[in-house]
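User: I would like to go through this model and ask what stands behind each label. Please set the values against the cut-offs as we go.

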Amino acid sequence: MMTTGTHRRLSITLLAVAVLAAAVTSPAMAGEIVLAWAASSDEVTVGYDVEVLDPFDQVLDVIDAGAATSVTVRDLVDDTRYRFRIRPYDATGRRAREASRPIETFPAPRIDALDGAPAPGATAVATLRGANFDPEARVVSRRSAVRVVDAVVENTGLARVTLTWDGTGASPSPADLTVVNPVRKAEPYFRAHPEVLDVDGSGTIDEDDLRQVRAAFGAGRGEPQYEARLDVNGDGVIGGEDVAPIRAWLGLTRIGEDATRRLLEGVDRF
Ligand SMILES: [Ca+2]
Ligand SMILES: [Ca+2]
């Protein structure tokens with residue numbers, strides 16, 4: 001129930017803010033960032049402002065999301081870091097004193113070209129060209145026939161990726177790979193990129209993935225057991241929020257192909 005005209009202070013319990021790469025981007029599109037957040041649990045919040053911040057948290061711009069709990073910020077400049085925070089407001093337009101913690105990231109990474117793909121059955125160091133590669137980005141495969149052995153980001157538009165291809169299907173292409181920036185992720189991202197849930201790169205989301213995540217349960221960034229591939233939601237700790245999406249997608253095989261179909265059918269939401 002919403003209460004209005006009272007003297008109650010807005011009490012905001014904002015949960016995590018998640019920044020998600022866009023589901024689909026084409027080289028012709030300007031960069032975009034999808035922001036999503038948990039709804040405020042108090043009774044007086046009727047909407048949310050998305051504040052665009054400078055590096056010192058001064059507000060540069062405000063996007064009114066209304067009652068929605070996600071927005072897509074479009075027309076962003078490639079290879080530029082953007083910083084945001086979410087602030088609820090009540091029916092009188094009063095802004096909450098408490099806002100979410102700021103979150104900062106590049107627009108959604110984009111792969112434009114893959115040069116030097118391996119021959120069938122071979123391993124090769126290929127060059128990925130694109131935009132918005134974070135220095136700490138990982139590269140994962142969407143196809144079990146193609147494996148990423150190693151990836152080194154040289155700059156925001158270039159990464160060297162050691163790839164193997166078992167020779168089945170088409171030669172590796174940009175569509176087979178995903179650049180994963182180190183930013184917190186949530187459900188819409190996993191729907192678009194279930195390959196990040198296949199933590200062992202087997203091509204299937206299965207019990208082996210769950211086992212590996214559980215074996216490192218509780219490890220935080222910087223600790224010996226921590227591995228970025230196991231921290232699928234990118235929040236810096238391996239825990240229940242990494243187990244839940246893997247469980248939700250358990251059994252998904254041929255990830256690159258199946259994910260699109262499932263997305264279109266609107267099934268497997270959680
Ligand atoms: Ca797997
Ligand atoms: Ca995590």
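User: What makes S2 and strand S5 (residues 70-76) a pair, and in which sense do they run?

Analyst: This is a predicted model, and in it 5 bridges join S2 to S5 in the antiparallel sense. Two strands pair if there are at least two bridges between them, so S2 and S5 are called paired.

User: Which residue of S5 stands opposite Ala 36?

Analyst: Ser 70 stands opposite Ala 36, which belongs to strand S2 (residues 31-37). The two residues are 34 residues apart along the chain, but their C-alpha atoms are separated by 4.1 Å.

User: Why is Ala 36 called buried?

Analyst: Ala 36 has 21 C-beta neighbours inside 10 Å. The cut-off is 20 or more, so Ala 36 counts as buried. As for the strand as a whole, 6 of the 7 residues of S2 are buried, and S2 is described as mostly covered.

User: What makes Asp 57 exposed, and what class does Asp 79 fall into?

Analyst: Asp 57 has 11 other C-beta atoms within 10 Å. A residue with 12 or fewer is exposed, so Asp 57 is placed in that class. Asp 79 has 14 C-beta neighbours inside 10 Å. That value lies between the cut-offs of 12 and 20, so Asp 79 is partly exposed.

User: Where do Asp 57 and Asp 79 lie, and why is a positive phi worth noting?

Analyst: Asp 57 is in the loop between S3 and S4, and Asp 79 is in the loop between S5 and S6. Phi is about 65° in Asp 57 and near 60° in Asp 79. A positive phi is worth noting because most residues other than glycine have a negative one.

User: What is the strand order of the sheet that contains S4 and S7, and what pairing does it have?

Analyst: This open sheet of 4 strands has the order S4-S3-S6-S7, with antiparallel pairing. Strand S4 (59-66) and strand S7 (103-105) are called edge strands because each pairs on one side only. From one strand to the next the twist averages 30°. Within this sheet, strand S3 (residues 45-53) and strand S6 (residues 82-90) pair over 8 bridges, with Phe 84 in S6 as the bridge partner of Val 52.

User: What is the order in the open sheet that contains S8 and S11?

Analyst: The order is S8-S9-S12-S11, an open sheet of 4 strands with antiparallel pairing. Its edge strands are strand S8 (110-115) and strand S11 (146-155). The twist averages 30° from one strand to the next. Strand S9 (residues 123-131) is joined to strand S12 (residues 158-165) by 7 bridges, and Arg 129 has Leu 158 in S12 as its bridge partner.

User: How do you know that both faces of strand S13 (residues 177-180) are covered?

Analyst: Leu 177 and Val 179 on one side and Thr 178 and Val 180 on the other are all buried. S13 is also joined to strand S10 (residues 138-141) by 4 antiparallel bridges, and Ser 141 has Leu 177 as its bridge partner.

User: Why are the buried residues of H3 said to line one face?

Analyst: The buried residues of helix H3 (residues 240-248) are Asp 242, Pro 245 and Ile 246. Seen down the axis of H3 they fall within an arc of 100°, so they line one face of the helix. Helix H1 (187-192) and helix H2 (207-215) are among the elements that cover them.

User: What is the packing angle of H2 and H3, and why is their arrangement called roughly antiparallel?

Analyst: The angle is about 175°, with the axes 10 Å apart. Angles over 145 degrees count as roughly antiparallel, so H2 is roughly antiparallel to H3. At this contact Asp 209, Leu 210, Val 213 and Arg 214 in H2 meet Asp 242, Val 243, Ile 246 and Arg 247 in H3.

User: Which stretches have a pLDDT below 50?

Analyst: The mean pLDDT of the protein chain is 85, and 83% of its residues reach 70 or more. Over residues 1-28 the pLDDT is below 50, although this stretch has 74 contacts in the model beyond near neighbours in sequence. Residues 266-270 are also below 50, with 6 such contacts. Where pLDDT is low, the predicted coordinates should not be read in detail.

Notes. Residues numbered from 1 in each chain as written. Chains lettered and ligands numbered in written order. Predicted model: local features only at pLDDT ≥ 70, side-chain atom pairs only at ≥ 80, totals over all residues. Axes fitted to C-alpha atoms, helices over the stretch in contact; angles between N-to-C directions. Arc of directions from axis to C-beta. Contact = placed C-beta atoms within 7 Å. pLDDT = per-residue confidence, 0-100. Parallel < 35°, antiparallel > 145°, perpendicular 65-115°, else oblique.
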